[in-house]
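User: I would like to learn how to read a structure that is new to me, one feature at a time. Could you take me through this one?

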Amino acid sequence: MTTIELRRRPNAATPTTKGPSPPGGDANSSLASGGGGRGLSARVLLNSSPAQEEMVLKLHVPALYPFVPSCLQRVLSSRWLRVLNLYPRWTERHLILIGKYLYRFTDDNAAKPKGAPVPVEAINTHVCAAEDDDDMDFIWDHLPPGCDSIFTVSTFGKTQYFAVTSREDANTWVNSLREARQSAITRSMGHASHVPYPAAWQYIDSLGVSLARSKDRIHKKLAESKMKQMDIGTFGDVAGPMPRGYYG
């Protein structure tokens, strides 16, 4: 497993309004608008005074894990069955919390985020304890070297697990995400007009919205394609093979 190096801002100060400018400004080459994550490189976000950022480890598990007993989870995740590729693994991700979204990058030089940005208004988060989650207690047997704490990020029924070096780091992430969520909700309700909001964050938010919509369209198309394939398969099973020849 990979030992991660701590890179975060534990006491991030209130960001200034200075930062990268929208196209036409001083940072035209850094912030180029467009879909697909263009203009949302890790370096641009890091240079825009994010609320929180750190290299962490993200848990990846087969989809069946939450639905099998914990004893079977431990069997599937044992080193003897790794040839079946059914064991949990940890992947490095650079998390950057800025504005309305939480972004995930493969590293701090990535040109675009990994997956869709996570809207902070929808996030529920907490620090994990071994006794909290019976469905996922096997992960404590597979903590990567250098990590001793886990926090979760949950949205729309999906929960992601992130390992960090200490309980303090996990608490910092949970507190930062909760503060960002409350701030985003307050701002969306129009109750924070007196609170300065960095111009760079506003523009990054607009790119984040575009990327989130783009990812949502892709997911919907994939879901529609899958449904069509299922319908065709069902029709074939019911109707039998297509007739051949003039008279079938």
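User: Let us begin with the whole chain: how many of its residues count as buried?

Analyst: This is a predicted model, and of the 248 residues in the chain, 39% count as buried. The accessible surface comes to about 14400 Å², and carbon and sulfur atoms account for 53% of that area.

User: Which elements does the chain have, and how do they run from the N terminus on?

Analyst: The chain has four helices and seven strands, and from the N terminus on the elements run α-β-α-β-β-β-β-β-β-α-α. Such an order says nothing by itself about contacts, and for these one can look at how far apart the joined residues are in sequence. Among contacts between residues at least 6 apart in sequence, 69% join residues at least 24 apart. As a single case of distance in sequence set beside distance in space, Leu207 and Gly39 are 168 residues apart in sequence, while their C-alpha atoms are 7.3 Å apart. Leu207 is found in helix α4 and has a relative accessible area of 4%, so this residue counts as buried, the cut-off being under 20%.

User: How should I read a strand, and which way do the side chains of β3 point?

Analyst: The general idea is that in a regular strand the side chains alternate between the two faces of the sheet. In this structure, Tyr101, Tyr103 and Phe105 point one way from β3, whereas Leu102 and Arg104 point the other way, and all are buried. Strand β3, residues 101-105, is thus mostly covered, with five of its five residues buried. On one of these faces, Tyr101, Tyr103 and Phe105 are also linked into a cluster by ring pairs.

User: Which strands are joined to β3 by bridges, and how do they run?

Analyst: Strand β2, residues 89-98, is joined to β3 by five bridges, and the two run antiparallel. They form a hairpin with two residues between them, and in the turn Gly99 has a positive phi of about 65 degrees. Strand β4, residues 118-119, is joined to β3 by two bridges, again in an antiparallel arrangement. Tyr101 takes part in both pairings, since its bridge partners include Ile98 of β2 and Pro119 in β4.

User: How many aromatic pairs are found in the whole structure, and why does the pair of Phe151 and Trp173 count as stacked?

Analyst: A search of the whole structure finds five aromatic pairs. To read one, we look at the distance between ring centres and at the angle between the planes, where under 30 degrees counts as stacked. The ring centres of Phe151 and Trp173 are 5.9 Å apart and their planes lie at 10 degrees, so this pair is stacked. The pair links distant parts of the chain, with Phe151 in strand β6 (residues 149-155) and Trp173 in helix α3 (residues 167-188), 22 residues apart. Phe151 is buried, at a relative accessible area of 0%, and Trp173 also counts as buried at 0%.

User: Finally, which residues are the closest to the centre of the second largest pocket, and which element gives the largest share of its lining?

Analyst: With a pocket, one can take the volume, then the residues that line it, and then the elements that supply them. The second largest pocket holds about 410 Å³ of space. Of its 15 lining residues, Ala116, Pro117, Pro119, Phe156 and His219 are the closest to the centre. At least two lining residues come from each of β3, β4, β7 (158-164) and α4 (199-239), and α4 gives the largest share, four residues. Pro119, which is the bridge partner of Tyr101 in β4, is therefore met a second time here, as one of the residues closest to the pocket centre.

Conventions: Residues are numbered from 1 along each chain as its sequence is written. This is a predicted model: local features need pLDDT of at least 70, side-chain atom pairs count only at pLDDT 80 or more; totals for chains, interfaces and linings use all residues. Side-chain values use heavy atoms; hydrogens and water are left out. Buried means under 20% relative accessible area, exposed over 50%, partly exposed in between (1.4 Å probe, protein chains only). Contact means heavy atoms within 4.5 Å. Accessible areas come from the Shrake-Rupley method with a 1.4 Å probe; for residues, only the protein chains shown count as cover. Rings of Phe, Tyr and Trp (its six-membered ring) pair if their centres lie within 6.5 Å; planes under 30 degrees apart count as stacked, over 60 as edge-to-face and the rest as tilted. Two strands pair if DSSP finds at least two bridges between them. On a 1 Å grid over the protein atoms alone, a cavity is a set of points where a 1.4 Å probe fits but cannot get out, and a pocket is an open set with protein on both sides within 12 Å along at least five of seven lines; lining residues have an atom within 4 Å of a point. Grid points are joined across faces, edges and corners, and a volume is the space filled by probe spheres set on the points.
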